[in-house]
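Trainee: I am new to this structure and should like to study it with you. May we look at it together?

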Amino acid sequence: MQVAVIGLGRFGSSLARILIDGGHEVIVVDKNEALVQPFENLAEQAIIGDATDETLLRSLGVQDLDAVVVAIGDDVEASVLACISLIELGAKYVIAKAENDKHAKILKRIGVHKVIQPERDSAKVIAEHLIHPKIEERIDIGENHSILEIKAPSSFWGKTLKELELTSRYGVLVIAIKRREAILDKKGEIRGYKDTIIAPPSANTTILEHDTLIILSQKDRIREIERWK
Ligand code: ATP
């Protein structure tokens with residue numbers, strides 16, 4: 001993946017490092033030389049420059065990149081100007097960091113594809129984990145449904161999906177099972193674990209200890225699901 005990260009504050013620099021570690025081609029830009037310098041031997045290009053300078057943005061070939069992330073929060077004017085130019089230059093996917101709701105609203109209005117507020121977004125994830133500690137992952141789908149990841153409770157172990165009747169009892173559809181399997185060495189000793197996904201499981205699939213269920217559920221039944229034992 002080819003990505004440009006503009007603004008190397010705590011968020012931008014962390015994001016750029018994670019992408020580089022993941023083997024992606026990253027262009028970094030910041031007006032502060034001291035923040036660009038650590039990326040000189042890591043990034044595809046490490047540019048000291050002003051993101052409101054359209055010539056500089058054009059020289060990045062933003063229309064050919066998979067995504068451009070504008071990680072400038074404090075200077076709303078610079079963030080907005082950079083985003084306008086990127087969209088005008090044909091950037092395919094612009095993600096921009098907003099400092100507050102007003103900034104977010106402006107970014108959405110000018111056509112930024114995804115607006116993020118990292119502090120608020122991560123606070124939401126942590127609050128969700130505190131409120132629903134048993135739910136390991138959650139993706140909301142529309143107003144009323146969620147896909148949830150939850151450890152199979154012990155009362156499910158050794159039973160088939162048919163026997164459990166989760167759809168008729170809880171309105172839940174098991175769409176996949178994540179099964180932890182031991183990796184053995186030549187002597188038959190456990191060297192580690194790997195997850196395999198059974199998707200879709202059949203009615204005759206038996207739930208085992210250490211299985212994680214990936215289920216489609218109505219949001220208003222999540223509390224009930226969390227009481228599974
Ligand atoms: P974080 O919370 O991620 O540390 P921040 O919101 O506190 O970020 P900002 O002041 O928003 O930090 O700036 C992030 C980075 O963007 C800084 O390193 C700053 O030098 C850079 N930056 C700000 N304006 C421009 C600009 N016009 N051109 C290039 N870089 C810029």
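The questions below concern the ligand site and one pair of strands in this predicted model.

Trainee: Which residues come nearest to the ligand?

Mentor: A shell of 19 residues surrounds the ligand. These residues divide into 7 nonpolar, 5 polar and 7 charged. Those that come nearest are Arg10, Phe11, Asp30, Gly73 and Asp74.

Trainee: Which residue has a polar side-chain atom 2.9 Å from a nitrogen atom of the ligand?

Mentor: Two other residues should be set aside, for they approach the ligand through the backbone. A backbone N or O atom of Arg10 lies 2.7 Å from an oxygen atom of the ligand, and a polar backbone atom of Lys31 is 3.2 Å from a nitrogen atom of the ligand. The side-chain atom in question belongs to Asp50.

Trainee: How much of the accessible area of the ligand does the protein cover?

Mentor: The space that the ligand takes is the largest pocket. On its own, the ligand has 630 Å² of accessible area. Of this area, the protein covers 86%.

Trainee: Which residue of strand 8 is the bridge partner of Ile139?

Mentor: Strand 7 spans residues 135-141 and strand 8 spans residues 145-151. The two strands run antiparallel and are joined by 6 bridges. The partner of Ile139 in strand 8 is Ile147.

Trainee: Which residue in the turn of this hairpin has a positive phi?

Mentor: Strand 7 and strand 8 form the hairpin, with 3 residues between them. In the turn, a positive phi of about 65° is found at Gly142.

Note on methods: Residues numbered from 1 in each chain as written. Predicted model: local features only at pLDDT ≥ 70, side-chain atom pairs only at ≥ 80, totals over all residues. Heavy atoms only, no water. Near = heavy atom within 4 Å. Polar contact = N/O pair within 3.5 Å; in protein donor to acceptor, adjacent residues only side chain to side chain. Areas by Shrake-Rupley, 256 points an atom, 1.4 Å probe, with all protein chains shown as cover. 1 Å grid on protein atoms, 1.4 Å probe; cavity = no way out; pocket = protein on both sides within 12 Å on 5 of 7 lines; lining within 4 Å. Sits in = over half its atoms within 2 Å of the grid points. Nonpolar A, V, L, I, M, F, W, Y, C, P; charged D, E, K, R; others polar. Pairing = 2+ DSSP bridges. Helix = DSSP H or I, 4+ residues; strand = E, 2+ residues; numbered from the N terminus.
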